[in-house]
Amino acid sequence: MKGIYGLIFVFVFIISSCSESKKESTKKPPEQVKKTEPMQKTHPGKMIYMQFCLACHMENGQGVPGLYPTLVKTEWIGDKTKMIENVLKGLEGPIIVNGEPFNNVMAKLDYLGDKEIADVLTYIRSNFGNNEDAVTISEVSAVRASLTK
Ligand code: HEC
């Protein structure tokens, strides 16, 4: 009988050491385990923002105190027409943005196409803590048409 216990012991030992070494071999080096990042689909308006607005309004739309106003939850962000007009006509002179006074110049960006303006304004309105609906191409062209009358 003793012999059998001995055999069982050896058997269990072999099995457990086998599964141990199996565990060891399935361990992958960390770089192989790391999932590849899914391709982030960049909002088309983000590219426009980076090229035409970021220099003044900064990366997260927070602006520069006293110089460039924030794009976070302002009167303009809440008013599509005002926002579109601002890009097409530019803006200068004293304004108050979220309680802070500015008296600077934003040149008009009317050389941007209707789609580019719709994209960039949609991007701003749905980022930086803003939660407003999209601006459509036809909304931009309607405002553009009203300005050239
Ligand atoms: C050269 C710097 C500059 C660039 C580039 C620029 N802005 Fe401005 N922006 C300003 C300034 C300065 C004001 C405030 C003007 C004033 O004092 O009357 C302003 C005001 C605004 C306002 C109204 C106030 C507010 O913060 O809500 C909006 C909206 C705005 N800009 C959006 C844009 C968008 C969109 C772009 C890119 C397509 C852009 N700006 C590019 C300088 C800039």
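This is a short tour of a predicted model, from the overall fold to the ligand and then to a group of aromatic rings.

**Whole chain**

Start with the protein chain in cartoon. It has 7 helices and 2 strands. Trace the chain along its sequence and the order reads α-α-α-α-α-β-β-α-α. Now colour by burial. Of the 149 residues in the protein chain, 28% are buried.

**The ligand**

Select the ligand next. Where does the ligand sit? Its place is the largest pocket. Several elements each give two or more residues to the shell around the ligand: α4 (54–57), α5 (80–89), β1 (91–97), β2 (100–106) and α6 (114–125). Both helices and strands are thus on show here, so colour them separately if your viewer allows.

Expand the selection to the surrounding residues. There are 26 of them. The closest are C53, C56, H57, T70 and M106. Colour this shell by residue class. It splits into 18 nonpolar, 7 polar and 1 charged.

**Polar contacts of the ligand**

Keep the ligand in sticks and visit three residues in turn.

- H57: an N or O atom in its side chain is 2.8 Å from a nitrogen atom of the ligand.
- T70: here the partner is a polar backbone atom, 2.5 Å from an oxygen atom of the ligand.
- T74: an N or O atom of the side chain lies 2.6 Å from a ligand oxygen atom.

H57 and T70 also appear among the closest residues listed above.

**The aromatic rings**

Leave the ligand and show the aromatic side chains. The count comes to 4 aromatic pairs. Select Y49 and F128. Their rings form a tilted pair, with 5.2 Å from centre to centre and 55 degrees between the planes. Why does this pair tie together parts 79 residues apart in sequence? Y49 belongs to helix α3 (residues 44–52), whereas F128 is in the loop between α6 and α7 (137–148), so the contact bridges that separation. Both residues are buried.

Add Y123 to the selection. Y123 and F128 make an edge-to-face pair: 5.6 Å centre to centre, 85 degrees between the planes. Is Y123 buried or exposed? Its relative accessibility is 8%, so Y123 counts as buried. F128 is buried too, at a relative accessible area of 15%.

Finish with all three residues on screen. Ring pairs join Y49, Y123 and F128 into a cluster. F128 takes part in both pairs visited here, one with Y49 and one with Y123.

Methods: Residues numbered from 1 in each chain as written. Predicted model: local features only at pLDDT ≥ 70, side-chain atom pairs only at ≥ 80, totals over all residues. Heavy atoms only, no water. Near = heavy atom within 4 Å. Polar contact = N/O pair within 3.5 Å; in protein donor to acceptor, adjacent residues only side chain to side chain. 1 Å grid on protein atoms, 1.4 Å probe; cavity = no way out; pocket = protein on both sides within 12 Å on 5 of 7 lines; lining within 4 Å. Sits in = over half its atoms within 2 Å of the grid points. Helix = DSSP H or I, 4+ residues; strand = E, 2+ residues; numbered from the N terminus. Nonpolar A, V, L, I, M, F, W, Y, C, P; charged D, E, K, R; others polar. Phe/Tyr/Trp six-rings, centres within 6.5 Å; stacked < 30°, edge-to-face > 60°. Buried < 20%, exposed > 50% of the residue type's maximum accessible area, 1.4 Å probe, protein only.
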